[in-house]
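Visitor: I am new to this structure. Please show me how to read it.

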Amino acid sequence: MTQEQDLQYMYQALELAEQAVAHDEVPVGALVVAGGKIVGRGYNQREYGRDATLHAEMIAIRAACATMGGWRLPGATLYVTLEPCPMCAGALVNARVERLVFGAYDPKAGAAGSVLDIVRCSGLNHQLEVTGGVLAEESAALLKNFFARKRR
């Protein structure tokens with residue numbers, strides 16, 4: 001993928017994050033691209049679904065697996081507005097996603113280099129190519145504004 005394509009898909013992930021805000025969810029949006037097509041989309045739905053696993057990445061991965069007809073997502077790229085947590089990073093490894101592109105770094109729970117580096121752990125059976133910080137300011141601003149409103 002080119003830098004221009006990465007930006008295009010990240011803007012779409014930001015739109016998904018804004019949908020999360022509209023549902024009073026932490027604003028994280030994700031999409032999976034394979035073969036030049038979006039095969040899965042998601043935004044956080046933990047509050048609505050009362051389910052700790054309903055992170056944007058997990059929803060997008062499930063949708064991509066359904067679209068592609070299997071649990072492996074070879075050649076796929078996941079775009080997400082926030083660095084994945086350990087659960088989501090593990091799911092990316094297990095699904096054999098090829099590449100991860102994320103926006104804001106997560107210094108408290110990031111598992112793509114900030115706190116842990118699950119997606120590039122040589123001890124696991126699969127590693128991802130990672131590009132972090134794409135539209136980081138826009139992604140971080142959504143999160144900061146959301147939590148500032150919550151504190152009021």
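**Reading the model**

Guide: Leaving out neighbours within four places in sequence, R99 is in contact with M1, D6, A76, T77, L78, Y79, L128, E129 and T131. Contact means heavy atoms within 4.5 Å. This is a predicted model, where local features need pLDDT of at least 70, side-chain atom pairs count only at pLDDT 80 or more, and totals for chains, interfaces and linings use all residues. Residues are numbered from 1 along each chain as its sequence is written, and side-chain values use heavy atoms, with hydrogens and water left out.

Visitor: Where is R99 found, and is R99 buried or exposed?

Guide: Buried means under 20% relative accessible area, exposed over 50%, and partly exposed in between (1.4 Å probe, protein chains only). R99 is found in strand β4. Its relative accessible area is 8%, so R99 is buried. Helices (H or I, at least four residues) and strands (E, at least two) are DSSP runs, numbered from the N terminus.

Visitor: Which side chains make a polar contact with the side chain of R99?

Guide: A polar contact is a pair of N or O atoms within 3.5 Å; within protein, one must be able to donate a hydrogen and the other to accept it, and residues adjacent in sequence count only if both atoms are side-chain atoms. The R99 side chain has such a contact with that of D6, at 2.6 Å. Another joins R99 to the side chain of E129, at 3.3 Å.

Visitor: D6 brings me to helix α1. Which residues of α1 are buried?

Guide: They are D6, Y9, M10, A13, L14, L16, A17 and A20. Seen down the axis of α1, these buried residues fall within an arc of 165°, so they line one face of the helix. The arc is that of the directions from the helix axis to the C-beta atoms. The face turned away from the buried side carries the exposed residues E4, E15 and A22. What covers the buried residues includes β1 (29–34), β2 (37–43), β3 (77–82), β4 (99–104) and α5 (136–151).

Visitor: What does α1 reach from its first C-alpha to its last?

Guide: The expected span of a helix is 1.5 Å times one less than its number of residues. Helix α1 (residues 3–22) has 20 residues and reaches 29 Å, close to the 28 Å expected.

Visitor: How should I read the sign of phi?

Guide: Most residues other than glycine have a negative phi. D24, in the loop between α1 and β1, has a positive phi of about 60° although it is not a glycine. D24 is partly exposed, at 44% relative accessibility. R50 also is not a glycine and has a positive phi, of about 50°. R50 lies in the loop between α2 (46–49) and α3 (56–68), and is exposed at 79% relative accessibility.

Visitor: Back to β4. Is F102 buried or exposed?

Guide: F102 sits in β4. F102 is buried, at 0% relative accessibility. Its contacts, leaving aside neighbours within four places in sequence, include M10, V80, L82 and V134. F102 and D6 are 96 residues apart in sequence, yet 9.6 Å apart in space, C-alpha to C-alpha.

Visitor: And where is Y105 found?

Guide: Y105 is in the loop between β4 and β5 (129–131). Y105 is partly exposed, with a relative accessible area of 47%. Not counting residues up to four places away in sequence, Y105 touches L82, E83, S114, G132 and G133.
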